[in-house]
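Grab a pencil and let's work through a few exercises on charged side chains that pair up. Have a look at the model first.

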Amino acid sequence: MKNYKAIFKVCLVIFFSALFVSCDSDDDDQLVEVVAPATYEFLREGVSTVSFSGQTTRLNQADAIYNALNSKADDGSGATKFYTEAQIDAMFADGSGFMDAALNGTGKKIRSKTSAGCAAGNSATQAQFDDQIADFVANVVPAWTADASSGVPGKLTDATRSIHVNGMGHEIDQTFIKGLIGGMCLDQIVNNYIQPCQMDSGTRRDDNTNGILSSGKNYTDMEHKWDEAFGYLYGQVDNAKTTDLSTNLSSTGTTLFKYLTKIEGSNDPGIAKRIFDAFKLGRAAIVAGAYDVRDAQANILKIQLSKVIGYKSVDYLEGYMSKMSAGNTADAFHALSEGYGFIMSLQFTNDGNDAPYFTKAEVDAMLSKLSNFWTVNNSDLTSMVSQIKSKMSI
C-alpha cells in the first residue's frame, strides 16, 4: 500500500476488466492500477475476504415477516391461526419467533436497521412500520373473510385476484415490504455502509491503508463495510461472490434485488451492470487504497440504486390508474399498495450529493394523499408521477 502526499486528479479508463487510473501531481507522474475483477471475489492469501452473512439473514427475516402479513401461521398442531401482533413485533424488532430456527438467536434485527443510516434516519419512520403491523392484526385479520368496502376492512375480489385490506383499502403486506425496500435495504447501502461515516470512521482509513485486519478476521473494517452494503442487495443470490450479477439475474427474495431485475428487464436495461460494476470497482479500489475511486463508485451506487425506487413508484401509480380504468378494483388496490410502499421508500433515496430526491416531509405529504384508496384522486397520482420523473430523471 502507498500513501500519497499530494491531491491527485483521477481519470478512469476501463480496458477489458482492468481500470487504470492516471494520477498527476505537481511533483511527479505516477500510475495507479485498480483492477476491477470479473466477479465479486476478493482474496487475501488465497482466502476470501468477502462476508455479508448478516445481511442475508435480515433479508430472509424480511421475507418471513412479509409471509406473516399475508397468511396464517402453522404452529405444528395441524390447526392454523393468525400471527399475533406480539409475534410479528418480535420478528421485526427482536429477531425472534421465526418458524425457521436459523433466523432466531442471530442477533440480527430488522427494525434497528430501518431508517437508521449514519447519514440519515428517522425514528418516526420506524414507527410507521410498527403502525402497519398493528393495523394488520387489529383490523385486517378479524375481517379476513368479510367483504371489504369503503371504510370497512375485509376481502376484496375482482376478476384477477383477491386481496385482504384495511378500511382504507391498503394491502398491508405490500405497503410494509415495499417500504422496507427503501427503509432498510436502500438506506443501509446508500446512507450507511458506503458513507464516510462508516467507511472512514475512527482509524478505518489508516487501518485499511496499512493492511490492519479486523480482530480475528481476514478483512479490514473498510472492506467489510463495503461488503455489507453489497449484501443488502445481493445477499440472497446463490454464489453472489463469483457470479456475474450484471447478466445472470433472477428474482430472488422480496426486496431490492427482485426489483432491480424488474427494472433491468423493462425501464432501464443496463442498470444492473452499472450497479454491479460499481460495487466491484469500489471494492477493488478499497483493496488498492484508492479512495477517490471508491467514492466515485459510491456516488454511482447512490444514484443508480435510487432510480430503482423511482421507477417502481411510477410503475405502480400508473398501474393503479390503468387497472381501475379496467374495472379491477382489487388488482388496482394491490398495485397502489405497492406504490404506497415505494413512495415511503423515496425518502431514503440519495441524489449523489447525500440528499434524498424527496424529503420525509414531501413523502409524508404524498402518503397523505394516498391515505384512502377508495377516494384517491387520479390527478394527485399524475402529479406525483410527473414530480418523480422530473426530480429523478427517469
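Below are three exercises, each with a worked solution.

Some ground rules: this is a predicted model, where local features need pLDDT of at least 70, side-chain atom pairs count only at pLDDT 80 or more, and totals for chains, interfaces and linings use all residues. Residues are numbered from 1 along each chain as its sequence is written, and side-chain values use heavy atoms, with hydrogens and water left out.

**Exercise 1.** Find the salt-bridge partner of Arg111 and say what the pair ties together.

Solution. Start with the rule: a salt bridge is a side-chain nitrogen of Lys or Arg within 4 Å of a carboxyl oxygen of Asp or Glu. Arg111 pairs with Asp130, with 2.6 Å between the closest N and O atoms. Next, place them: Arg111 sits in the loop between helix 2 (85-94) and helix 3 (123-140), and Asp130 is in helix 3, so the bridge ties together parts 19 residues apart in sequence. (Helices are DSSP runs of H or I, at least four residues, numbered from the N terminus.)

**Exercise 2.** Arg294 and Asp295 form a salt bridge; is Arg294 buried or exposed?

Solution. Buried means under 20% relative accessible area, exposed over 50%, and partly exposed in between (1.4 Å probe, protein chains only). Arg294 comes out at 1%, so Arg294 is buried. Asp295, at 29%, is partly exposed. Their N-to-O distance is 2.8 Å.

**Exercise 3.** How far apart in helix 10 are Lys312 and Asp315?

Solution. They are three residues apart in helix 10 (residues 291-325), about one helical turn. Their salt bridge has its closest N and O atoms 3.3 Å apart.

How values were computed:
Helix = DSSP H or I, 4+ residues; strand = E, 2+ residues; numbered from the N terminus.
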